[in-house]
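The following exercises ask the reader to locate residues, judge their exposure and follow their contacts. Each task is followed by a solution in steps.

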Amino acid sequence: MDIQFPNLHINIDNLPKTFNLFGVDIAFYGCIIAFGMLAGIVIACYMAKITGQDYNQYIDFAIYAILFSVIGARLYYVAFSWDYYGKHPAEIINIRQGGLAIYGGVIGAVITCLIYTHLKKISFYKVTDTAIYGLILGQIIGRWGNFFNREAFGGVTSDSNPLAMRIYFGEQYHVSQVPDVVREGMETWKGKSLTEIGYIQVQPTFLYESLWNLALLILMLVFRKKKKFDGEIMLWYLIGYGIGRAIIEGMRTDQLLMPVTGWPVSQVLSIIVAVIALVWVVTKRAIIAKK
């Protein structure tokens with residue numbers, strides 16, 4: 001088999017990374033990201049419609065936001081992987097093998113939203129409160145692209161973990177692709193070489209993040225009528241996503257690290273963003289309550 005969730009009794013055979021269409025190999029990663037974007041547009045337009053806004057504006061905005069989000073996600077990833085890309089500049093534009101950082105995409109989308117709302121003379125905060133549903137749904141779906149690529153997983157986990165994931169070596173995943181920390185953990189645990197073991201058993205952090213975001217989306221939908229000011233739903237997202245990402249990022253083996261300090265950049269950024277957003281919400285609500 002290719003992938004197994006032993007405690008869930010799920011066995012997946014022959015899980016390819018690509019499929020062939022008219023002689024061209026198409027990556028499942030790209031298809032899932034594209035589907036996530038489409039689903040994000042649909043839910044954003046739906047939220048616009050039920051809140052009395054012109055959903056056509058969100059279709060227009062999505063065209064620009066998707067383009068600059070992808071650019072932002074790639075630039076963010078490249079910037080914090082410069083040791084490699086500085087030596088291989090031709091690879092900077094090659095996104096077929098992955099290499100997109102969510103925070104870079106969020107930054108690109110926010111900048112695009114600032115410019116778009118300014119030019120259209122509409123409320124930035126109202127737009128973010130609506131578009132944020134599309135962003136988080138896109139993240140929920142998009143994380144499954146990592147599943148097909150066998151990436152964005154955490155360290156070695158025990159048999160007692162109900163969501164433990166085994167990735168077997170074969171045509172789609174090779175021993176040489178295993179991060180050193182996972183290699184050492186597996187070989188210490190099993191007392192054998194990876195070749196003899198035949199698989200790695202790891203934390204499926206892509207799944208953790210997808211489930212966390214799903215729970216966050218549900219909470220955002222349930223409590224959306226409780227917001228006190230435009231922009232608050234966006235801040236709820238930043239708080240919830242920031243907390244979840246800070247925890248989950250600490251488990252991952254493919255962290256982008258800050259220069260000098262060596263701290264995981266997404267973990268540090270998540271904590272900063274969550275704290276700022278929380279202070280913003282508390283302060284704004286306190287001001288409103290006094291009026």
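**Exercise 1. Determine in which element Thr 112 lies, whether it is buried or exposed, and which residues it contacts.**

Solution. The model examined here is predicted.
Step 1: Thr 112 belongs to helix α4, which covers residues 102-120.
Step 2: The relative accessibility of Thr 112 is 9%; buried means under 20%, so Thr 112 counts as buried.
Step 3: With neighbours within four places in sequence left aside, Thr 112 is in contact with Phe 61, Tyr 64, Ala 65 and Phe 68.

**Exercise 2. Carry out the analysis of place, exposure and contacts for Tyr 116.**

Solution.
Step 1: Tyr 116 is placed in helix α4.
Step 2: Its relative accessible area is 8%, and Tyr 116 is therefore buried.
Step 3: Not counting residues up to four places away in sequence, Tyr 116 touches Gln 57, Asp 60, Phe 61, Tyr 64 and Ile 122.
Step 4: Phe 61 and Tyr 64 appear among the contacts of Thr 112 and also among those of Tyr 116.
Step 5: As for a distant part of the sequence, Val 281 is 165 residues from Tyr 116 along the chain, and their C-alpha atoms are separated by 24 Å.

**Exercise 3. Describe the chain as a whole: its elements, its extent and its surface.**

Solution.
Step 1: The chain contains 11 helices and 6 strands.
Step 2: The C-alpha trace spans about 70 × 45 × 40 Å along its principal axes.
Step 3: For 291 residues, a compact globule would have a radius of gyration near 19 Å; the chain has 21 Å, which agrees.
Step 4: Of the 291 residues, 44% are buried.
Step 5: Among contacts with a separation of 6 or more, 72% join residues 24 or more positions apart.
Step 6: The exposed area is about 15,500 Å², of which carbon and sulfur atoms supply 66%.
Step 7: There are 25 positive and 20 negative charges, and the mean positions of the two sets are 14 Å apart.

**Exercise 4. State how many disulfides the structure holds, and examine Cys 45.**

Solution.
Step 1: A disulfide is a covalent bond between the sulfur atoms of two cysteines.
Step 2: A search of the whole structure finds 0 disulfides.
Step 3: Cys 45 is accordingly in no disulfide: the nearest cysteine sulfur, that of Cys 113, is 14 Å away, whereas a disulfide requires sulfur atoms within 2.5 Å.
Step 4: Cys 45 has 12% relative accessibility and counts as buried.
Step 5: Cys 31 has a relative accessible area of 30% and is partly exposed.

**Exercise 5. For His 9 and Ala 152, give the value of phi, the place in the chain and the exposure.**

Solution.
Step 1: Phi of His 9 is near 60°, a positive value in a residue other than glycine.
Step 2: His 9 is found in the loop between β1 (3-5) and β2 (10-12).
Step 3: The relative accessible area of His 9 is 72%; exposed means over 50%, so His 9 is exposed.
Step 4: Phi of Ala 152 is likewise near 60°, and this residue too is other than glycine.
Step 5: The loop that holds Ala 152 runs between α6 (144-149) and β5 (165-168).
Step 6: At a relative accessible area of 4%, Ala 152 is buried.

**Exercise 6. Determine where Gly 40 and Leu 207 lie, and which residues they touch.**

Solution.
Step 1: Gly 40 lies in helix α1 (residues 28-50) and, at 7% relative accessibility, counts as buried.
Step 2: Residues up to four places away in sequence not being counted, Gly 40 touches Gly 134 and Leu 137.
Step 3: Ile 10 is 30 residues from Gly 40 in sequence, and the two are 29 Å apart in space, C-alpha to C-alpha.
Step 4: Leu 207 lies in helix α9 (residues 205-222) and is buried, with a relative accessible area of 9%.
Step 5: Under the exclusion of residues up to four places away, Leu 207 touches Phe 5, Trp 144 and Leu 163.
Step 6: Arg 143 is 64 residues from Leu 207 along the chain, yet their C-alpha atoms are separated by 7.3 Å.

How values were computed. Residues are numbered from 1 along each chain as its sequence is written. This is a predicted model: local features need pLDDT of at least 70, side-chain atom pairs count only at pLDDT 80 or more; totals for chains, interfaces and linings use all residues. Side-chain values use heavy atoms; hydrogens and water are left out. Helices (H or I, at least four residues) and strands (E, at least two) are DSSP runs, numbered from the N terminus. Buried means under 20% relative accessible area, exposed over 50%, partly exposed in between (1.4 Å probe, protein chains only). Contact means heavy atoms within 4.5 Å. The radius of gyration is taken over C-alpha atoms; the globule rule is 2.2 Å times the number of residues to the power 0.38. Accessible areas come from the Shrake-Rupley method with a 1.4 Å probe; for residues, only the protein chains shown count as cover. Lys and Arg count as positive and Asp and Glu as negative; His and the chain ends are not counted. The place of a charge is taken as NZ of Lys, CZ of Arg, CG of Asp or CD of Glu.
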